[in-house]
Amino acid sequence: MSESPGRVVMLVGTSSAGKTTTAAALQGCFDEHHLLVGFDVFMRMVDPRWAGHGPYTLQGFRYDPSTVDNSGEAISTISCGPVGKRILNGTHCAVAALARSGNNVIVDEMLLDDTVLADWQTALDGLCVYVVQVQAPVEVLVARERQRKQRAGLARGHLPMNSLASYDVAVDTFLKTPAECAAVIATALAASAAGGAWKARAHDR
């Protein structure tokens with residue numbers, strides 16, 4: 001007997017926004033099983049030579065040279081080459097396959113550039129997708145970055161491409177705990193018959 005497709009709940013936000021802790025809390029809010037998938041899961045499969053500071057990062061994933069903004073704050077971004085793009089596309093298709101096999105999936109996602117969103121939309125076309133904007137004030141993001149000893153500037157660098165124009169629900173992880181944010185998301189999903197914001201944009205492209 002074929003399974004009905006599962007739903008996909010996309011938590012989108014920049015580095016240090018609180019996606020991972022919120023996603024983990026959200027998983028426990030549902031009576032139905034939800035897989036939790038983050039790009040870090042797939043990055044563990046990547047040969048280190050194609051990531052970070054390896055010799056083939058121009059093909060895979062690399063840190064761009066850091067810059068500063070008008071206020072002197074660091075800005076840093078991660079870019080991907082053709083191998084990286086292929087990995088990202090495979091990641092998106094894998095999530096879609098999980099959902100089409102009847103699995104509900106929560107995705108912890110930081111968009112690396114403006115092309116990644118369109119690729120997600122193509123891969124998830126026809127599925128029930130809910131989009132959650134996970135955010136916090138930029139000064140809070142920077143403070144978390146320092147506390148976690150992450151590369152300086154990633155939160156600022158990836159903030160523009162992860163500030164969505166359209167979403168189903170937004171949560172601020174500075175104002176609420178992960179458990180409280182998860183409860184807000186679960187309540188919003190329960191009140192919605194189907195994901196709307198992303199599906200509409202996908203059909204308009």
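Reader: Which cysteine sulfur is closest to that of C93?
Author: The one in C80. The model is a predicted one. In it, the two sulfurs are 15 Å apart, which is too far for a bond.

Reader: Is C93 buried, exposed or partly exposed?
Author: C93 is partly exposed, as its relative accessible area is 38%.

Reader: And how many disulfides are in the whole structure?
Author: A search of the whole structure gives 0 disulfides. C29 is in none, for instance. From C29, the nearest cysteine sulfur belongs to C181 and is 11 Å away. A disulfide needs two cysteine sulfur atoms within 2.5 Å.

Reader: Where does C29 sit, buried, exposed or partly exposed?
Author: C29 has 35% relative accessibility, so it counts as partly exposed.

Reader: New topic: strands. How many residues of β8 are buried?
Author: 6 of the 6, so the rest of the structure largely encloses β8. Buried here means under 20% relative accessible area.

Reader: Which residues are on each side of β8?
Author: One side has N104, I106 and D108. The other has V105, V107 and E109. All of these are buried, so both faces are covered.

Reader: Which way does β1 run against β8, parallel or antiparallel?
Author: Parallel, with 5 bridges joining β1 (residues 7-12) to β8. L11 of the pair stands opposite D108.

Reader: What about β2 and β8, how many bridges there?
Author: There are 5 bridges, and the pairing is parallel. Here L35 stands opposite V105 in β8.

Reader: There's an open sheet too. What's the strand order?
Author: The order is β3-β4-β7, with 3 strands and mixed pairing. β3 (51-52) and β7 (78-80) are at the edges. Each has a single partner strand, so one side of each lacks a neighbour in the sheet.

Reader: How do β4 and β7 pair up, parallel or antiparallel?
Author: They run antiparallel, and 3 bridges join them. R62 stands opposite S79 in β7.

Reader: Pockets next. How much space lies in the largest one?
Author: About 850 Å³. The lining has 32 residues, and S15, D40, M110, R148 and Q150 are the closest to the centre.

Reader: Which elements give two or more residues to that lining?
Author: Two helices do, α1 (19-27) and α2 (39-43). The strands are β2 (34-38), β3, β4 and β8 (104-109).

Reader: How many of the lining residues are nonpolar, and how many are polar or charged?
Author: The lining has 15 nonpolar residues, 9 polar and 8 charged.

Reader: What about the largest nonpolar core? Which residues touch the most other members?
Author: V8, M10, V95, W120 and L124, out of 29 residues in the core. Elements giving two or more residues include β1, α4 (114-123) and β9 (128-135). α3 gives the most, with 4 residues.

Reader: Last thing: phi angles. What is phi for S16?
Author: Near 70°, a positive value in a residue that is not glycine. S16 is in the loop between β1 and α1. S16 is buried, with a relative accessible area of 4%.

Reader: And K149, what is its phi?
Author: About 55°, again positive, and K149 is not a glycine. K149 lies in the loop between α5 (138-147) and α6 (154-157).

Reader: Is K149 buried or exposed?
Author: K149 is exposed, with a relative accessible area of 76%. S16, in contrast, is buried.

Definitions and conventions
Residues are numbered from 1 along each chain as its sequence is written. This is a predicted model: local features need pLDDT of at least 70, side-chain atom pairs count only at pLDDT 80 or more; totals for chains, interfaces and linings use all residues. Side-chain values use heavy atoms; hydrogens and water are left out. Two strands pair if DSSP finds at least two bridges between them. On a 1 Å grid over the protein atoms alone, a cavity is a set of points where a 1.4 Å probe fits but cannot get out, and a pocket is an open set with protein on both sides within 12 Å along at least five of seven lines; lining residues have an atom within 4 Å of a point. Grid points are joined across faces, edges and corners, and a volume is the space filled by probe spheres set on the points. Ala, Val, Leu, Ile, Met, Phe, Trp, Tyr, Cys and Pro count as nonpolar, Asp, Glu, Lys and Arg as charged, and the others, Gly among them, as polar. Buried means under 20% relative accessible area, exposed over 50%, partly exposed in between (1.4 Å probe, protein chains only). A nonpolar core is a set of buried Ala, Val, Leu, Ile, Met, Phe, Trp, Tyr and Cys residues joined through side-chain atoms within 4.5 Å.
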